[in-house]
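Trainee: Before I rely on the labels attached to this model, I would like to go through them with you and ask, for each, what value stands behind it.

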Amino acid sequence: MSIDDKLNNPAFFATDEYHGLFDKMRTEDPVHWTQSPDGRGYWSIFRHADLKRILNDPETFSSEREGVMPALDAEMSEIAKEAMGVGENVLTIDPPRHGDVRKVLASPFLPKALADGEQRTKELISGIFDQLPAHGEIDLVADLAVRIPMAVICDILQLPEDHWEEMLGWGKMAIGGSGPEYQQGSAAQTVSTGYKLLFDYSLERHNERKGCPFSDPLSMMSNATVGGKPMTPSEVAHNGVQLMLAGFETTRNAFSGGVLALLQNPRQMELLCEDPKRLRLAAEEFVRWSDPVISLMRVATQDWVLSGKTVRAGDRLILWFPSANRDEEVFDRPYEFDVMRHPNLHIGLGAGPHFCLGGPLAKIEIRLAMEELLERYDGIEITVPVERVQSSFVGGLKHLPVKLVARATDQARAC
Ligand code: HEM
């Protein structure tokens, strides 16, 4: 398979091979013109410095022209723009309007709100652990990693637990549309259907809450103005979908990827068991290591030279995050999983004005969930080989079957 065929193929990111390709590209062709199935082509960007430069300059590299979902065939390009609500969803709005919309969504994710809510988050996570068997086999992804961020974001958005299963299915279609088991029609149709179902759901909740004095983000958006005008129902619904998907589709991958890395590196597990306060720092390494976001797109608004190549106005750029987060120019021993890594200059949560709004919340969830896991279990064993999802957008483990052994004494822990 050629380099470009690999980059265009979501199934390639379910293999272990993608880091090897990225290493080669960072050295040999860090800004690489890539042929794509739609015939338009795009620039593949591999170096940390170039990703940071692009993420910090939304005037030159727009999120709004064509959205941020890497859409590499004509059908997906057409569908992704509409499905994601490009120009309405905060992720796909350029400044200056972007800052106004972000402010409306921000309040539950600010440091004071997160600190006030930490006890509640801990209770939600503890409640999910309570439902697990004390001993025996579970799928750490489906039974734990998926349910934790789902519970937390649904609590913030005030969405009932009996809606979770359906929402998860729609999320899988929207994000993991490329995996055969989630597919309904073509990959693009699957993505479109997933987003549409989430959009309709979000719109219904908006209609129920309009005019009500609630303080969850959906109600606040329903009553908010941006640039002197009320947010339209479509804007509210698209931003609701953004919070749901960002809330439950990424954190699960950083958590399950972090657990897998600890199981494969027992000394790192020991370091956390010796002093669980180290989990604050370790949460950064879980995000760097686990590649929860594989790629995002930008479109150049003017000609620009990047690592010696001239990008033309209108060209698409695909930013490969796992490559930036293993860049040897930035990270010592980039292929060592090191829970004590400091400084850890990963850009797994983005950079610049679109820096992840929920990043601090995600790190709290990961830290609290790891604390519970280490506290409750005396042993965790992987039972069968793990599998990654087939996606070049949001990546992570599909399943992580493990055998749990509950701790026998007050002293014993998972290490
Ligand atoms: C480990 C978990 C997470 C990862 C790896 C992650 C990653 C990212 C990245 C890379 C971006 C930047 C997008 C861009 O530049 O185009 C982003 C933006 C965003 N994330 Fe997260 N995210 C995570 C968790 C969350 C959570 C829990 C929420 C909460 C609901 C959230 C909400 C958002 C929102 C709203 C944006 C858009 C911000 C803006 O455009 O101003 N994320 N995220």
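Trainee: How do you know that H98 makes a polar contact with the ligand?

Mentor: In this predicted model, a polar side-chain atom of H98 lies 2.6 Å from an oxygen atom of the ligand, and because a pair of N or O atoms within 3.5 Å counts as a polar contact, the label applies to H98. The side chain of R102 can be treated in the same manner, with a polar atom 2.7 Å from an oxygen atom of the ligand.

Trainee: Which elements give two or more residues to the shell around the ligand?

Mentor: They are α5 (97–106), α12 (233–249), α13 (251–264) and β7 (295–300), and the largest share, 4 residues, comes from α12.

Trainee: What makes V90 a contact of the ligand through its backbone?

Mentor: A polar backbone atom of V90 is 3.4 Å from an oxygen atom of the ligand, and since the cut-off is 3.5 Å, the V90 pair is counted as well.

Trainee: Which residues come nearest to the ligand, and how is the shell made up by class?

Mentor: There are 28 residues around the ligand, of which H98, R102, R298, H354 and C356 come nearest. By class, the shell has 17 nonpolar, 9 polar and 2 charged residues. As for its place in the protein, the ligand sits in the largest cavity.

Trainee: Why is C356 called a donor of the iron atom?

Mentor: The SG atom of C356 is at 2.2 Å from the iron atom of the ligand, and because N, O and S atoms within 2.8 Å of such a metal count as donors, C356 qualifies, as the only protein donor. In the fold, C356 belongs to the loop between α16 (321–324) and α17 (359–376).

Trainee: Why is G359 called buried?

Mentor: G359, which has its place in helix α17, has a relative accessible area of 0%, and because buried means under 20%, the label follows for G359.

Trainee: How do you know that R288 is buried, and what does its side chain contact?

Mentor: R288, in helix α15 (residues 279–290), also has a relative accessible area of 0%, and since the limit for buried is under 20%, R288 is placed in that class. Its side chain is joined to that of E285 by a polar contact of 2.9 Å.

Trainee: What makes D291 worth a separate remark, and is it buried or exposed?

Mentor: Phi of D291 is near 50°, a positive value in a residue other than glycine, whereas most residues other than glycine have a negative phi. D291 lies in the loop between α15 and β7, and at 3% relative accessibility it counts as buried, because the value is under 20%.

Trainee: Why is S307 called partly exposed?

Mentor: The relative accessibility of S307 is 39%, and because buried means under 20% and exposed means over 50%, S307 falls in between and is called partly exposed. S307 is found in the loop between β8 (304–306) and β9 (309–311), and its phi, near 40°, is again positive in a residue other than glycine.

Trainee: Where in helix α6 do we find one residue called exposed and another called buried, and why?

Mentor: D130 has its place in helix α6 (residues 111–130), and at 54% relative accessibility it counts as exposed, because exposed means over 50%. L124 lies in helix α6 too, but at 17% relative accessibility it counts as buried, since that value is under 20%.

Trainee: What makes the peptide bonds before P96 and P343 stand out?

Mentor: The bond from P95 to P96 is cis, with omega near 5°, and the bond from H342 to P343 is cis, with omega near 0°, whereas most peptide bonds are trans. P96 is found in the loop between α4 (74–84) and α5, while P343 has its place in the loop between α16 and α17.

Conventions:
Residues numbered from 1 in each chain as written. Predicted model: local features only at pLDDT ≥ 70, side-chain atom pairs only at ≥ 80, totals over all residues. Heavy atoms only, no water. Near = heavy atom within 4 Å. Polar contact = N/O pair within 3.5 Å; in protein donor to acceptor, adjacent residues only side chain to side chain. 1 Å grid on protein atoms, 1.4 Å probe; cavity = no way out; pocket = protein on both sides within 12 Å on 5 of 7 lines; lining within 4 Å. Sits in = over half its atoms within 2 Å of the grid points. Nonpolar A, V, L, I, M, F, W, Y, C, P; charged D, E, K, R; others polar. Donors = N, O, S within 2.8 Å, 3.2 Å for Na, K, Ca; no water. Buried < 20%, exposed > 50% of the residue type's maximum accessible area, 1.4 Å probe, protein only.
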